[in-house]
Amino acid sequence: MLGGAEEVGANSCYLNIDGTGIIVDAGIHPRDRTEKAFPAVDMIGDRETDVLLITHAHADHLGGLPYVMRRFPHLRPIMTHATRDLSHITLHNGARLLRSDIADHVPREWLEFYNRDAIELLRYAFEAIRYDEPLTFRGYRGRSDVTAKFHWAGHILGSAGIGLSCKGLNIMHTGDVQFEHQTVIPKATFPRHHVDVLITEATNGSEDSMPSIGEESKRLAAFINSISERNGSILIPCFALGKMQEMLVLLYSMMRRGSIPNLPIHTGGMGIRISKIYDQYCYSDPMRRPGFEVSDVAQESIQRGELHNGAYLKTPSIVLASSGMLNTGTISYNLALQWMTRPKFGIAFIGYQHPSTPGYQLLHSTMKTPFDLASLRATRSCEIGRFRFSAHSSREGLVSFAQDVSPSTVVIMHGEPDACDDLALEIRDRLPGARIIVPRLGTVYNIGKEQDHISVE
Ligand SMILES: [Zn+2]
Ligand SMILES: [Zn+2]
């Protein structure tokens with residue numbers, strides 16, 4: 001692992017399959033702003049580097065690509081068509097954030113490719129692959145062919161789990177995966193044949209059970225109704241890529257069914273541009289409602305200059321704004337400051353809040369009791385609701401996939417330490433005999449089949 005070992009970080013994993021060097025994902029850490037924000041590619045040393053496979057366009061999987069490509073300019077970056085289209089938004093947004101947050105903490109040349117022109121030049125090199133179609137390659141010093149297939153991962157538009165095969169050895173890397181339907185994106189359709197090595201994410205590895213989308217929708221509708229009945233507005237902080245599109249369509253269907261009133265919806269940040277890319281794939285990629293266009297849901301766009309006096313502060317409305325964890329300086333953070341002084345208003349948290357974020361501090365605050373919010377001493381008068389709409393599989397979904405593909409080796413990544421350990425224990429119980437690895441950053445593991453003389457590091 002070059003990142004994402006016992007954390008959700010700068011996710012990246014290096015595989016050397018019989019002399020072909022493969023990097024899966026090149027993420028940027030969501031919070032760390034030191035040199036650890038980037039994948040630790042120095043640990044590859046003088047091993048081969050040939051292809052860079054990207055599972056999806058979230059920054060924690062793609063945002064480190066300009067850094068990795070600067071170190072290894074000969075890599076072939078390969079991803080799905082939709083991820084290639086979405087990469088434009090993730091990379092330019094990441095470059096803007098990195099230049100302002102991190103520039104003083106890392107050598108200047110590390111950010112050399114984080115500018116508009118360099119990103120556009122890099123994007124020319126991106127190769128797009130269709131779902132389930134094989135792509136065969138052999139590295140410069142590769143001893144045999146490797147075949148890669150990208151499979152629908154049910155996480156966000158363009159997301160894929162990647163199957164790799166070489167001389168009868170099969171490896172499956174789940175990327176970020178959801179085995180249940182969301183509102184827009186249908187569940188993963190990974191093949192369930194035997195694999196030798198399963199590399200699995202563990203985001204929700206500590207959660208015994210997850211509420212269904214139907215139950216959570218009912219609870220969210222009740223919260224929205226209680227706030228709007230007293231003339232308040234509802235703020236829903238959410239990630240711009242994936243969660244905002246899911247929420248928009250969920251709110252639209254709740255209004256159509258009459259479970260919530262027809263309130264104006266305001267959206268902020270990059271969500272609108274991302275929704276347009278979703279719409280380009282509404283027929284060609286699997287969708288819960290083929291042909292339904294997310295940007296057709298009526299919405300007003302939030303202007304940066306009106307955060308303290310927008311229409312949503314006067315008329316009951318629903319506001320969807322990024323970031324999802326209220327990072328300081330973002331639209332959702334600035335709106336939350338407005339919401340907190342208004343007793344009739346409500347904030348609905350819909351996803352995981354990392355303990356180091358303002359979102360976590362606000363979620364765990366008590367009404368009218370002072371608490372620390374980023375660098376402020378704050379109090380809140382508004383209501384807080386907590387809901388769970390995850391784009392990641394429950395532990396049960398991950399374990400039952402593992403059982404179906406019955407791997408001899410399981411590698412667990414992309415989860416907090418407890419989540420990785422809890423998933424490892426459950427898989428150990430259900431797959432006795434499998435070798436289970438919760439890898440450490442930079443440690444080399446041999447996961448090949450010795451009898452076939454295929455070495456996989
Ligand atoms: Zn993701
Ligand atoms: Zn991720």
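**Exercise 1.** In this predicted model, determine how many residues of domain 1 are in contact with residues of domain 2, and which helix gives the most to that side of domain 1.

*Solution.* Contact between the domains involves 18 residues of domain 1 and 22 residues of domain 2. On the domain 1 side, helix H3 (residues 81-101) gives the most, with 6 residues. By character, this side of domain 1 divides into 10 nonpolar, 6 polar and 2 charged residues. The bounds to keep in mind are 13-207 + 391-452 for domain 1 and 213-386 for domain 2. Their C-alpha centres are 29 Å apart.

**Exercise 2.** Compare the expected span of H3 with the distance between its end C-alpha atoms, and locate its kink.

*Solution.* The expected span is 1.5 Å times one less than the number of residues. H3 has 21 residues, so it should span 30 Å, and its end C-alpha atoms, 30 Å apart, agree with this. A kink of about 35° is nevertheless present, centred on Ser-87.

**Exercise 3.** Identify buried residues of H3 and the elements against which they pack.

*Solution.* Ser-87, at the centre of the kink, is itself buried. Other buried residues of H3 include Thr-83, Leu-86, Thr-90, Leu-91, Gly-94 and Leu-98. An α-helix has 3.6 residues a turn, so residues three or four places apart point the same way. The packing partners of the buried residues are helices H1 (59-62), H2 (65-71), H4 (116-124) and H7 (271-280), together with strand S4 (76-80).

**Exercise 4.** Assess the radius of gyration of the protein chain against that of a compact globule.

*Solution.* For 457 residues, a compact globule would have a radius of gyration near 23 Å; the protein chain has 22 Å, which agrees. Buried residues make up 47% of the chain.

How values were computed. Residues numbered from 1 in each chain as written. Chains lettered and ligands numbered in written order. Predicted model: local features only at pLDDT ≥ 70, side-chain atom pairs only at ≥ 80, totals over all residues. Domains from an automatic or database assignment. Contact = placed C-beta atoms within 7 Å. Helix = DSSP H or I, 4+ residues; strand = E, 2+ residues; numbered from the N terminus. Nonpolar A, V, L, I, M, F, W, Y, C, P; charged D, E, K, R; others polar. Bend = angle between axes of the 7 residues up to and from the residue. Buried ≥ 20, exposed ≤ 12 C-beta atoms within 10 Å, placed from the backbone. Rg over C-alpha atoms; globule rule 2.2 N^0.38 Å.
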